[in-house]
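Here are a few exercises to work through with the model open beside you. Try each task before you read its solution.

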Amino acid sequence: MKKIAILGSTGSIGTQTIEVIRLHREDFFVTALAAGHNVDLLEKQIREFSPSLVSVATEEAAKDLRARISDLDIPVYFGMEGLLCVAAQEESDLLVTAVVGMMGIRPTIAAIEAGKDIALANKETLVTAGHIIMPLAKKHGVQILPVDSEHSAIFQSLQGEREYDNEIEKILLTASGGPFRGKTRDDIKDVTVSEALKNPNWVMGKKVTIDSATLVNKGMEVMEAKWLFDVSPEQIQVVVHPQSVIHSMVQYKDGAVMAQLGTPDMRLPIQYALYYPKRKYLDGVRLDFYDLASLTFEKPDMDTFPGLRLALEAADRGGNMPTVFNAANERAVALFLDQKISFAGITDIIRDAMDKSTFIADPDVDDIFETERAVYEQIESR
């Protein structure tokens, strides 16, 4: 049985990971769980899977959980210490990193140093610290298995190819276009939070859904792909594909294009990462080519959605600029969700932060978090 630890077990990816494990109880054992503030759901997960240790976001939540599971002999940790305990736990073989934000960096490093394979669903880890994470994984012989649907599609399209040194010419990274595809900048400047949260194809957490609406999410995926697949940003082309049937493609040096297709279901890339390199039966809607009317493709509109252009600029500059981009976006999305800024204000804040931040060419982990702190401080003082 493969032994799994999960960071972010009560979030969107975490609960779907739990669902996959539940479908294949004979193959997986849950060794540790970390969640934020959803103590109710975490208690249910603990009683169902009996992990060896758990963690929550705060000391208050930890006290609540300890009282609820006082009949069980399971230690409860909290904060960053708890995340690190879950990440580096001796029992686990694989760590699913499904937390949102840069809090995923240090636990991912701890897990790699402990020799754990990583099922990576935390974008910020590679966006801000890919130059640290990927060499460290190579040093420790650890696999980084992408859980994001697009990166999983690329990863699947590469199977068997790199074994023979078949060279990538281009990665074609698909995007649904979000709920405002085809709109102008004027059309979307004053959209509401509820409108921005209506993704046409995918069910995701609020932060990722807003990032999808601004195309910031796709820009972050470009940065991730650069590190995951050892390519330059110039080798990554974003293609808007509204049907979300082709999840991404790889073009090789002879012009051949390999693609992974399927219905939008995050359980598939999650299960592929958990079972890699094997495949296992998964229930759900199958792609029916008789019913599929057409597949269409468009160039991304970077005038209406400047977040993608800013992400490409940050990727090109490198250093701590992806951290500036990520931190500014994180705070701007929070302000938008609190209805304190407009939808267009998200990318205005990112642009301002990138213009005003001090550039660091080769940031270490402390530099990354100091950059994040400085960006937050700058935005709060606006």
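The chain's secondary structure comes to 16 helices and 11 strands; helices (H or I, at least four residues) and strands (E, at least two) are DSSP runs, numbered from the N terminus. Bear in mind that this is a predicted model, where local features need pLDDT of at least 70, side-chain atom pairs count only at pLDDT 80 or more, and totals for chains, interfaces and linings use all residues. Residues are numbered from 1 along each chain as its sequence is written, and side-chain values use heavy atoms, with hydrogens and water left out.

**Exercise 1. Overall shape**

Task: Work out whether the radius of gyration of the chain agrees with that of a compact globule or disagrees with it.

Solution:
- Step 1: Take the radius of gyration over C-alpha atoms and use the globule rule, 2.2 Å times the number of residues to the power 0.38.
- Step 2: For 382 residues the rule gives a value near 21 Å, and the chain has 20 Å, which agrees.
- Step 3: Look at the box too: along the principal axes, the C-alpha atoms fill roughly 55 × 55 × 40 Å.
- Step 4: Now check burial, where buried means under 20% relative accessible area, exposed over 50%, and partly exposed in between (1.4 Å probe, protein chains only). Of the 382 residues, 54% count as buried.
- Step 5: Finish with contacts (heavy atoms within 4.5 Å). Among those between residues at least 6 apart in sequence, 69% join residues at least 24 apart.

**Exercise 2. Two enclosed helices**

Task: Find out how many residues of α5 and of α10 are buried, and what comes right after α5 and α10.

Solution:
- Step 1: Start with α5 (residues 105-113). Here 7 of the 9 residues are buried, so the helix is largely enclosed by the rest of the structure.
- Step 2: The buried ones are I105, P107, T108, I109, A110, A111 and I112.
- Step 3: Go on to α10 (residues 206-214), which also has 7 of its 9 residues buried and so is largely enclosed. They are K207, T209, I210, D211, S212, A213 and T214.
- Step 4: Ask what covers them: the buried residues of α10 pack against α6 (123-140), α9 (193-196), α11 (216-228), α13 (306-317), α14 (321-337) and α15.
- Step 5: Step off the ends. After α5 comes G115, with a positive phi near 85 degrees, and after α10 comes L215, with phi near 70 degrees.

**Exercise 3. Aromatic pairs**

Task: Count the aromatic pairs, then say which parts of the chain F28 and Y275 link.

Solution:
- Step 1: Set the rule: rings of Phe, Tyr and Trp (its six-membered ring) pair if their centres lie within 6.5 Å; planes under 30 degrees apart count as stacked, over 60 as edge-to-face and the rest as tilted.
- Step 2: By this rule there are 6 aromatic pairs.
- Step 3: F28 and Y275 make an edge-to-face pair, 4.9 Å centre to centre with 65 degrees between the planes.
- Step 4: This pair joins distant parts of the chain, F28 in strand β2 (residues 28-34) and Y275 in helix α12 (residues 267-275), 247 residues apart.
- Step 5: Check the cover: F28 is buried at 4% relative accessibility, and Y275 is buried at 12%.
- Step 6: Next, F155 and Y272 have ring centres 6.2 Å apart and planes at 75 degrees, so this pair is edge-to-face. F155 is in α7 (residues 149-157) and Y272 in α12, so the pair ties together parts 117 residues apart in sequence.
- Step 7: Both F155 and Y272 are buried, and ring pairs link F155, Y272 and Y276 into a cluster.

**Exercise 4. Odd backbone angles**

Task: Explain what stands out about the backbone at P277, L215 and Q339.

Solution:
- Step 1: Recall the background: most residues other than glycine have a negative phi, and most peptide bonds are trans.
- Step 2: The peptide bond from Y276 to P277 is cis, with omega near 10 degrees; P277 sits in the loop between α12 and α13.
- Step 3: L215 has a positive phi, near 70 degrees, without being glycine. It is in the loop between α10 and α11 and, at 5% relative accessibility, counts as buried.
- Step 4: Q339, also not glycine, has a positive phi near 60 degrees. Q339 lies in the loop between α14 and α15 and counts as exposed, at 67% relative accessibility.
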